[in-house]
Amino acid sequence: MNHILVTGGAGFIGSHTVDHLVAKGYRVRVLDSLQERVHPHGWPAYIPESVDKIQGDVRNRADWLKALDGIDGVIHLAAYQDYMPDFSTFHHVNTVGGTLLYELIVERQLPIKKVVLASSQATYGEGKYRCGEHGLLYPNSRPDAQLARGEWEVRCPHCNTELEHQRITEDTVNPHTTYGISKYAVEMTSFSLGRKYDIPTTNMRYSIVQGPRNSFFNAYSGICRIFTLRVLHDQPPVCYEDGQSLRDYIYVGDVARANVLCLEDERADFRAFNVAGQRGTTTLEYANMVIQTAGRHIEPLVNGDYRFGDTRHTVSSGEALQSLGWRPETPLEQVIAEYVEWVKEQPNLRDFYAETAQKMRAANIIRRAQS
Ligand SMILES: NC(=O)c1ccc[n+]([C@@H]2O[C@H](COP(=O)([O-])OP(=O)(O)OC[C@H]3O[C@@H](n4cnc5c(N)ncnc54)[C@H](O)[C@@H]3O)[C@@H](O)[C@H]2O)c1
(Lines give C-alpha, C1' and ligand atoms only; values in the text may rest on other atoms or scores of the structure.)
Protein backbone atom coordinates (compact mmCIF):
# COMPACT_ATOMS: atom_id res chain seq x y z
CA MET A 1 0.00 0.00 0.00
CA ASN A 2 1.34 3.36 -0.97
CA HIS A 3 -1.41 5.85 -1.88
CA ILE A 4 -3.93 6.55 0.92
CA LEU A 5 -7.19 8.49 0.80
CA VAL A 6 -8.23 10.18 4.05
CA THR A 7 -11.84 11.41 4.02
CA GLY A 8 -12.48 14.22 6.49
CA GLY A 9 -8.72 14.79 6.28
CA ALA A 10 -9.05 18.55 6.79
CA GLY A 11 -10.67 17.91 10.18
CA PHE A 12 -9.28 17.27 13.61
CA ILE A 13 -8.48 13.54 13.67
CA GLY A 14 -8.10 13.48 9.88
CA SER A 15 -5.35 16.09 9.72
CA HIS A 16 -3.28 14.44 12.46
CA THR A 17 -3.70 11.11 10.66
CA VAL A 18 -2.56 12.77 7.42
CA ASP A 19 0.56 14.12 9.19
CA HIS A 20 1.39 10.68 10.52
CA LEU A 21 0.92 9.06 7.09
CA VAL A 22 3.09 11.70 5.40
CA ALA A 23 5.79 11.24 8.06
CA LYS A 24 5.76 7.51 7.31
CA GLY A 25 6.31 8.15 3.59
CA TYR A 26 2.80 7.51 2.20
CA ARG A 27 1.33 9.52 -0.66
CA VAL A 28 -1.84 11.06 0.73
CA ARG A 29 -5.02 12.48 -0.75
CA VAL A 30 -7.78 14.19 1.25
CA LEU A 31 -11.49 14.26 0.40
CA ASP A 32 -13.31 16.81 2.54
CA SER A 33 -16.48 18.89 2.06
CA LEU A 34 -15.01 21.67 4.27
CA GLN A 35 -18.14 21.81 6.39
CA GLU A 36 -18.80 25.49 7.06
CA ARG A 37 -18.97 25.31 10.85
CA VAL A 38 -15.73 23.31 11.08
CA HIS A 39 -13.82 25.26 8.41
CA PRO A 40 -15.32 28.76 8.04
CA HIS A 41 -12.13 29.90 6.26
CA GLY A 42 -11.81 27.05 3.73
CA TRP A 43 -8.84 24.67 3.56
CA PRO A 44 -6.83 24.89 6.79
CA ALA A 45 -3.18 25.92 6.46
CA TYR A 46 -1.90 22.91 8.45
CA ILE A 47 -2.40 20.43 5.59
CA PRO A 48 1.06 19.59 4.17
CA GLU A 49 1.93 20.89 0.66
CA SER A 50 2.50 17.37 -0.67
CA VAL A 51 -1.09 16.34 0.03
CA ASP A 52 -3.55 16.23 -2.85
CA LYS A 53 -6.75 18.04 -1.76
CA ILE A 54 -10.22 17.37 -3.19
CA GLN A 55 -13.24 19.28 -1.97
CA GLY A 56 -16.23 16.96 -2.17
CA ASP A 57 -18.98 15.20 -0.30
CA VAL A 58 -19.00 11.52 0.74
CA ARG A 59 -22.68 11.38 -0.23
CA ASN A 60 -21.73 12.10 -3.84
CA ARG A 61 -20.69 9.25 -6.20
CA ALA A 62 -18.70 11.49 -8.55
CA ASP A 63 -16.71 12.97 -5.64
CA TRP A 64 -15.89 9.50 -4.29
CA LEU A 65 -14.83 8.25 -7.73
CA LYS A 66 -12.54 11.21 -8.30
CA ALA A 67 -11.02 10.75 -4.85
CA LEU A 68 -10.57 6.97 -5.18
CA ASP A 69 -8.70 7.11 -8.48
CA GLY A 70 -5.26 5.47 -8.03
CA ILE A 71 -5.83 4.84 -4.30
CA ASP A 72 -5.05 1.55 -2.53
CA GLY A 73 -6.02 2.27 1.09
CA VAL A 74 -8.78 4.38 2.67
CA ILE A 75 -9.13 5.93 6.12
CA HIS A 76 -12.75 7.08 6.20
CA LEU A 77 -13.28 9.76 8.86
CA ALA A 78 -15.75 12.22 7.28
CA ALA A 79 -18.92 12.27 9.34
CA TYR A 80 -21.74 14.31 10.75
CA GLN A 81 -21.70 14.70 14.55
CA ASP A 82 -24.02 16.89 16.57
CA TYR A 83 -26.47 17.05 19.48
CA MET A 84 -29.22 18.76 17.50
CA PRO A 85 -32.32 16.78 16.45
CA ASP A 86 -31.59 16.64 12.70
CA PHE A 87 -31.71 12.84 12.93
CA SER A 88 -31.81 11.94 9.25
CA THR A 89 -28.55 13.82 8.52
CA PHE A 90 -26.60 11.30 10.64
CA HIS A 91 -27.76 8.52 8.34
CA HIS A 92 -27.38 10.54 5.15
CA VAL A 93 -23.75 11.40 5.83
CA ASN A 94 -22.51 8.55 8.00
CA THR A 95 -24.48 5.50 6.90
CA VAL A 96 -25.10 6.34 3.24
CA GLY A 97 -21.63 7.91 2.78
CA GLY A 98 -19.81 4.85 4.19
CA THR A 99 -21.97 2.39 2.28
CA LEU A 100 -21.37 4.27 -0.97
CA LEU A 101 -17.62 3.67 -0.57
CA TYR A 102 -18.18 -0.12 -0.58
CA GLU A 103 -20.73 0.11 -3.40
CA LEU A 104 -18.21 1.88 -5.63
CA ILE A 105 -15.30 -0.42 -4.73
CA VAL A 106 -17.45 -3.41 -5.75
CA GLU A 107 -19.08 -1.77 -8.79
CA ARG A 108 -15.79 -0.47 -10.25
CA GLN A 109 -13.63 -3.33 -8.93
CA LEU A 110 -11.30 -0.82 -7.34
CA PRO A 111 -8.02 -2.28 -6.02
CA ILE A 112 -8.54 -1.11 -2.40
CA LYS A 113 -6.45 -3.26 -0.06
CA LYS A 114 -7.70 -1.89 3.26
CA VAL A 115 -10.42 0.37 4.70
CA VAL A 116 -10.22 1.85 8.22
CA LEU A 117 -13.42 3.54 9.41
CA ALA A 118 -14.07 5.96 12.26
CA SER A 119 -16.66 4.46 14.54
CA SER A 120 -17.30 5.69 18.06
CA GLN A 121 -17.70 4.92 21.74
CA ALA A 122 -21.27 6.14 21.05
CA THR A 123 -22.01 2.62 19.71
CA TYR A 124 -22.08 1.47 23.37
CA GLY A 125 -24.90 3.80 24.43
CA GLU A 126 -25.18 3.90 28.22
CA GLY A 127 -22.29 1.41 28.52
CA LYS A 128 -21.54 -1.56 30.74
CA TYR A 129 -22.62 -1.98 34.37
CA ARG A 130 -22.81 -4.59 37.09
CA CYS A 131 -25.63 -5.25 39.53
CA GLY A 132 -24.74 -7.18 42.72
CA GLU A 133 -27.80 -9.34 42.21
CA HIS A 134 -28.39 -9.39 38.44
CA GLY A 135 -24.82 -9.44 37.12
CA LEU A 136 -23.57 -7.68 33.96
CA LEU A 137 -26.03 -5.30 32.33
CA TYR A 138 -26.08 -3.00 29.28
CA PRO A 139 -28.87 -0.64 30.36
CA ASN A 140 -30.92 1.71 28.25
CA SER A 141 -30.78 5.49 28.69
CA ARG A 142 -31.74 6.83 32.08
CA PRO A 143 -35.41 7.95 32.06
CA ASP A 144 -35.79 11.72 31.79
CA ALA A 145 -38.12 11.78 34.84
CA GLN A 146 -35.21 10.41 36.90
CA LEU A 147 -32.79 13.04 35.58
CA ALA A 148 -35.33 15.80 36.17
CA ARG A 149 -35.28 14.76 39.85
CA GLY A 150 -31.49 15.14 39.88
CA GLU A 151 -30.91 11.38 40.32
CA TRP A 152 -27.94 10.73 38.12
CA GLU A 153 -26.69 7.19 38.68
CA VAL A 154 -27.77 4.35 36.40
CA ARG A 155 -30.18 1.95 38.14
CA CYS A 156 -30.84 -1.74 37.68
CA PRO A 157 -33.92 -2.27 35.48
CA HIS A 158 -34.81 -5.33 37.64
CA CYS A 159 -34.27 -4.23 41.27
CA ASN A 160 -33.68 -0.44 40.93
CA THR A 161 -30.40 -0.47 42.90
CA GLU A 162 -27.53 1.79 41.75
CA LEU A 163 -25.28 -0.02 39.29
CA GLU A 164 -21.49 -0.14 39.32
CA HIS A 165 -19.93 0.96 36.02
CA GLN A 166 -17.43 -1.31 34.21
CA ARG A 167 -14.79 -0.54 31.58
CA ILE A 168 -16.45 -1.09 28.19
CA THR A 169 -15.09 -3.93 26.06
CA GLU A 170 -15.78 -4.43 22.35
CA ASP A 171 -18.13 -7.42 22.65
CA THR A 172 -21.54 -5.77 23.24
CA VAL A 173 -22.92 -2.64 21.59
CA ASN A 174 -26.18 -0.88 22.41
CA PRO A 175 -26.27 2.54 20.69
CA HIS A 176 -29.04 4.87 21.81
CA THR A 177 -28.39 8.04 19.81
CA THR A 178 -29.01 8.40 16.09
CA TYR A 179 -25.31 9.24 15.72
CA GLY A 180 -24.31 6.00 17.50
CA ILE A 181 -26.83 3.99 15.48
CA SER A 182 -25.54 5.49 12.22
CA LYS A 183 -21.96 4.55 13.21
CA TYR A 184 -22.95 0.99 14.12
CA ALA A 185 -24.92 0.68 10.87
CA VAL A 186 -21.76 1.50 8.90
CA GLU A 187 -19.73 -0.91 11.02
CA MET A 188 -22.11 -3.77 10.22
CA THR A 189 -22.34 -2.82 6.54
CA SER A 190 -18.56 -2.47 6.16
CA PHE A 191 -17.85 -5.83 7.84
CA SER A 192 -20.57 -7.59 5.89
CA LEU A 193 -19.57 -6.20 2.47
CA GLY A 194 -15.88 -6.31 3.33
CA ARG A 195 -16.04 -10.06 4.09
CA LYS A 196 -18.23 -10.80 1.09
CA TYR A 197 -16.04 -8.94 -1.41
CA ASP A 198 -12.67 -9.45 0.28
CA ILE A 199 -12.07 -5.84 1.31
CA PRO A 200 -10.14 -5.97 4.63
CA THR A 201 -11.87 -3.57 7.03
CA THR A 202 -11.28 -2.25 10.55
CA ASN A 203 -13.59 -0.06 12.65
CA MET A 204 -12.14 2.29 15.27
CA ARG A 205 -14.34 3.08 18.27
CA TYR A 206 -12.68 6.24 19.55
CA SER A 207 -13.32 7.52 23.06
CA ILE A 208 -13.43 11.33 23.37
CA VAL A 209 -10.53 12.64 21.29
CA GLN A 210 -8.61 15.73 22.42
CA GLY A 211 -5.86 17.98 21.10
CA PRO A 212 -4.99 20.95 18.89
CA ARG A 213 -7.07 21.63 15.73
CA ASN A 214 -10.28 20.49 17.42
CA SER A 215 -12.27 23.26 15.75
CA PHE A 216 -13.52 25.77 18.30
CA PHE A 217 -16.09 27.13 15.83
CA ASN A 218 -18.27 24.10 16.55
CA ALA A 219 -18.78 23.95 20.29
CA TYR A 220 -21.59 21.41 20.34
CA SER A 221 -19.30 18.82 21.82
CA GLY A 222 -15.75 18.51 23.03
CA ILE A 223 -15.27 19.15 26.72
CA CYS A 224 -11.74 20.49 26.21
CA ARG A 225 -12.74 23.20 23.75
CA ILE A 226 -15.89 24.17 25.68
CA PHE A 227 -14.13 24.41 29.04
CA THR A 228 -11.06 26.11 27.55
CA LEU A 229 -13.17 28.74 25.77
CA ARG A 230 -15.16 29.41 28.95
CA VAL A 231 -12.12 29.65 31.18
CA LEU A 232 -10.14 31.87 28.79
CA HIS A 233 -13.15 34.23 28.83
CA ASP A 234 -13.17 34.13 32.65
CA GLN A 235 -16.46 32.25 32.63
CA PRO A 236 -17.01 29.18 34.82
CA PRO A 237 -17.06 25.85 32.98
CA VAL A 238 -20.53 24.31 33.39
CA CYS A 239 -20.35 20.69 34.58
CA TYR A 240 -23.53 18.83 33.68
CA GLU A 241 -25.36 16.69 36.25
CA ASP A 242 -23.31 16.65 39.47
CA GLY A 243 -19.92 16.84 37.75
CA GLN A 244 -19.19 13.21 38.68
CA SER A 245 -19.81 11.58 35.27
CA LEU A 246 -16.79 9.59 34.15
CA ARG A 247 -15.28 9.64 30.65
CA ASP A 248 -11.98 8.54 29.14
CA TYR A 249 -10.09 10.96 26.91
CA ILE A 250 -7.56 10.11 24.24
CA TYR A 251 -4.92 12.32 22.62
CA VAL A 252 -5.36 12.91 18.88
CA GLY A 253 -1.74 11.93 18.14
CA ASP A 254 -2.33 8.57 19.84
CA VAL A 255 -5.47 8.17 17.69
CA ALA A 256 -3.53 8.95 14.49
CA ARG A 257 -1.02 6.20 15.37
CA ALA A 258 -3.89 3.77 16.05
CA ASN A 259 -5.45 4.54 12.64
CA VAL A 260 -2.22 3.91 10.76
CA LEU A 261 -1.39 0.79 12.79
CA CYS A 262 -4.78 -0.71 11.86
CA LEU A 263 -4.30 0.32 8.22
CA GLU A 264 -1.04 -1.64 8.11
CA ASP A 265 -1.57 -4.59 10.46
CA GLU A 266 -3.49 -7.56 9.04
CA ARG A 267 -4.29 -8.74 12.56
CA ALA A 268 -6.73 -5.81 12.71
CA ASP A 269 -8.74 -6.98 9.67
CA PHE A 270 -12.48 -7.42 10.27
CA ARG A 271 -12.26 -6.29 13.88
CA ALA A 272 -13.62 -3.29 15.82
CA PHE A 273 -11.29 -1.72 18.40
CA ASN A 274 -11.75 0.69 21.24
CA VAL A 275 -9.24 3.53 21.01
CA ALA A 276 -9.29 4.35 24.69
CA GLY A 277 -7.57 6.81 27.01
CA GLN A 278 -5.43 6.03 30.03
CA ARG A 279 -8.12 6.39 32.73
CA GLY A 280 -11.61 7.62 33.63
CA THR A 281 -11.85 11.28 34.69
CA THR A 282 -14.86 13.10 36.18
CA THR A 283 -16.15 16.25 34.51
CA LEU A 284 -15.41 18.24 37.65
CA GLU A 285 -11.83 16.98 37.79
CA TYR A 286 -11.46 17.92 34.12
CA ALA A 287 -12.83 21.44 34.69
CA ASN A 288 -10.37 22.00 37.53
CA MET A 289 -7.48 20.79 35.36
CA VAL A 290 -8.39 23.33 32.65
CA ILE A 291 -8.72 26.15 35.21
CA GLN A 292 -5.37 25.27 36.76
CA THR A 293 -3.64 24.99 33.37
CA ALA A 294 -5.00 28.37 32.27
CA GLY A 295 -3.97 29.89 35.64
CA ARG A 296 -7.41 31.43 36.36
CA HIS A 297 -9.24 31.78 39.65
CA ILE A 298 -12.69 30.45 38.77
CA GLU A 299 -14.90 27.75 40.29
CA PRO A 300 -16.63 25.24 38.00
CA LEU A 301 -20.41 25.64 37.97
CA VAL A 302 -22.57 22.65 38.94
CA ASN A 303 -26.12 23.97 38.71
CA GLY A 304 -28.23 20.90 37.89
CA ASP A 305 -28.07 21.45 34.12
CA TYR A 306 -27.99 18.21 32.21
CA ARG A 307 -27.88 17.26 28.56
CA PHE A 308 -30.81 15.15 27.39
CA GLY A 309 -29.51 11.84 26.05
CA ASP A 310 -26.11 11.98 27.78
CA THR A 311 -24.59 8.87 29.28
CA ARG A 312 -23.46 8.66 32.91
CA HIS A 313 -20.14 6.79 33.02
CA THR A 314 -18.48 5.88 29.75
CA VAL A 315 -14.95 4.54 30.06
CA SER A 316 -13.59 2.15 27.42
CA SER A 317 -11.02 -0.59 27.81
CA GLY A 318 -8.18 -0.34 25.28
CA GLU A 319 -6.78 -3.81 25.96
CA ALA A 320 -7.65 -5.33 22.56
CA LEU A 321 -5.80 -2.66 20.60
CA GLN A 322 -2.95 -2.73 23.11
CA SER A 323 -2.45 -6.40 22.27
CA LEU A 324 -1.38 -5.19 18.77
CA GLY A 325 1.35 -3.05 20.37
CA TRP A 326 -0.43 0.33 20.60
CA ARG A 327 -0.55 2.41 23.81
CA PRO A 328 -2.31 5.67 24.79
CA GLU A 329 0.96 7.47 25.48
CA THR A 330 -0.08 11.03 26.27
CA PRO A 331 -1.36 11.93 29.77
CA LEU A 332 -4.43 14.17 30.03
CA GLU A 333 -2.52 16.97 31.80
CA GLN A 334 -0.24 17.29 28.74
CA VAL A 335 -3.19 17.14 26.32
CA ILE A 336 -5.01 19.96 28.11
CA ALA A 337 -1.86 22.11 28.35
CA GLU A 338 -1.21 21.70 24.61
CA TYR A 339 -4.81 22.53 23.72
CA VAL A 340 -4.99 25.63 25.93
CA GLU A 341 -1.78 26.97 24.34
CA TRP A 342 -3.12 26.26 20.85
CA VAL A 343 -6.43 28.02 21.54
CA LYS A 344 -4.62 31.08 22.91
CA GLU A 345 -2.80 31.44 19.57
CA GLN A 346 -6.02 31.43 17.51
CA PRO A 347 -7.32 34.78 16.18
CA ASN A 348 -10.87 36.11 16.74
CA LEU A 349 -11.60 33.94 19.74
CA ARG A 350 -15.14 34.24 21.11
CA ASP A 351 -17.00 32.35 23.81
CA PHE A 352 -18.74 30.25 21.13
CA TYR A 353 -20.22 28.10 23.87
CA ALA A 354 -22.61 30.83 25.07
CA GLU A 355 -24.32 30.92 21.63
CA THR A 356 -24.38 27.14 21.33
CA ALA A 357 -25.75 26.63 24.84
CA GLN A 358 -28.58 29.06 24.08
CA LYS A 359 -29.51 27.07 20.95
CA MET A 360 -29.30 23.76 22.81
CA ARG A 361 -31.49 25.12 25.61
CA ALA A 362 -34.04 26.39 23.06
CA ALA A 363 -34.07 22.93 21.45
CA ASN A 364 -34.63 21.45 24.96
CA ILE A 365 -31.37 19.48 24.81
CA ILE A 366 -29.91 21.26 27.82
CA ARG A 367 -32.41 20.91 30.69
CA ARG A 368 -32.30 21.64 34.41
CA ALA A 369 -33.09 19.26 37.25
CA GLN A 370 -35.77 20.44 39.67
CA SER A 371 -33.84 19.86 42.86
N1 LIG B 1 -13.57 13.83 17.97
C2 LIG B 1 -14.03 12.82 18.71
O3 LIG B 1 -13.99 12.87 19.95
C4 LIG B 1 -14.58 11.58 18.04
C5 LIG B 1 -14.99 10.52 18.86
C6 LIG B 1 -15.51 9.37 18.26
C7 LIG B 1 -15.61 9.29 16.89
N8 LIG B 1 -15.21 10.36 16.12
C9 LIG B 1 -15.30 10.23 14.65
O10 LIG B 1 -14.03 10.54 14.09
C11 LIG B 1 -14.20 11.13 12.81
C12 LIG B 1 -13.46 12.44 12.71
O13 LIG B 1 -13.97 13.33 13.69
P14 LIG B 1 -13.29 14.74 14.03
O15 LIG B 1 -13.43 14.94 15.48
O16 LIG B 1 -11.97 14.81 13.39
O17 LIG B 1 -14.33 15.73 13.33
P18 LIG B 1 -14.07 17.05 12.45
O19 LIG B 1 -15.42 17.70 12.34
O20 LIG B 1 -12.92 17.84 12.95
O21 LIG B 1 -13.66 16.42 11.05
C22 LIG B 1 -14.60 15.84 10.19
C23 LIG B 1 -14.25 16.33 8.80
O24 LIG B 1 -15.18 15.73 7.90
C25 LIG B 1 -15.60 16.73 6.98
N26 LIG B 1 -16.94 16.35 6.52
C27 LIG B 1 -18.11 16.46 7.20
N28 LIG B 1 -19.12 16.02 6.45
C29 LIG B 1 -18.58 15.64 5.26
C30 LIG B 1 -19.12 15.11 4.06
N31 LIG B 1 -20.43 14.90 3.94
N32 LIG B 1 -18.28 14.81 3.04
C33 LIG B 1 -16.93 15.04 3.16
N34 LIG B 1 -16.38 15.56 4.26
C35 LIG B 1 -17.19 15.85 5.30
C36 LIG B 1 -15.58 18.03 7.74
O37 LIG B 1 -15.45 19.15 6.88
C38 LIG B 1 -14.36 17.84 8.63
O39 LIG B 1 -13.18 18.33 8.03
C40 LIG B 1 -15.70 11.24 12.60
O41 LIG B 1 -16.13 10.13 11.86
C42 LIG B 1 -16.27 11.18 14.00
O43 LIG B 1 -17.61 10.69 13.99
C44 LIG B 1 -14.70 11.49 16.66
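**View 1. Helix 5 against the sheet in the predicted model.** Helix 5 lies across strand 5, strand 9 (201–206) and strand 12. Relative to strand 5, helix 5 runs at about 160°.

**View 2. The open sheet of 7 strands.** The strands follow the order 3-2-1-4-5-9-12, and their pairing is parallel. Strand 3 (52–55) and strand 12 (271–275) stand at the edges; each has a single partner strand, so one side of each is left without a neighbour in the sheet. On average, and with direction ignored, neighbouring strands are turned by 20° against each other.

**View 3. Pairing of strand 4 with strand 5.** Strand 4 (residues 73–76) pairs with strand 5 in the parallel sense, over 4 bridges. Isoleucine 75 stands opposite valine 116, a residue of strand 5.

**View 4. Packing of helix 3 and helix 5.** The axes of helix 3 and helix 5 (residues 178–196) are 9 Å apart, at an angle of about 15°. With that angle under 35 degrees, helix 3 is roughly parallel to helix 5. The crossing is right-handed. Helix 3 contributes residues including Phe87, Phe90 and Tyr102, and helix 5 residues including Tyr179, Val186 and Leu193. By class, the contact has 7 nonpolar, 9 polar and 1 charged residues.

**View 5. The shell around the ligand.** The ligand is surrounded by 29 residues, the closest being Gly8, Gly11, Phe12, Ala78 and Ala79. Helix 1 (12–23), helix 3 (87–108), strand 5 (114–120) and strand 10 (208–210) each give two or more residues to this shell. The largest share, 3 residues, comes from helix 1. The shell divides into 15 nonpolar, 11 polar and 3 charged residues.

Notes. Residues numbered from 1 in each chain as written. Predicted model: local features only at pLDDT ≥ 70, side-chain atom pairs only at ≥ 80, totals over all residues. Near = placed C-beta within 6 Å. Nonpolar A, V, L, I, M, F, W, Y, C, P; charged D, E, K, R; others polar. Axes fitted to C-alpha atoms, helices over the stretch in contact; angles between N-to-C directions. Parallel < 35°, antiparallel > 145°, perpendicular 65-115°, else oblique. Left-handed = near helix turned anticlockwise from the far one by under 90°. Contact = placed C-beta atoms within 7 Å. Pairing = 2+ DSSP bridges.
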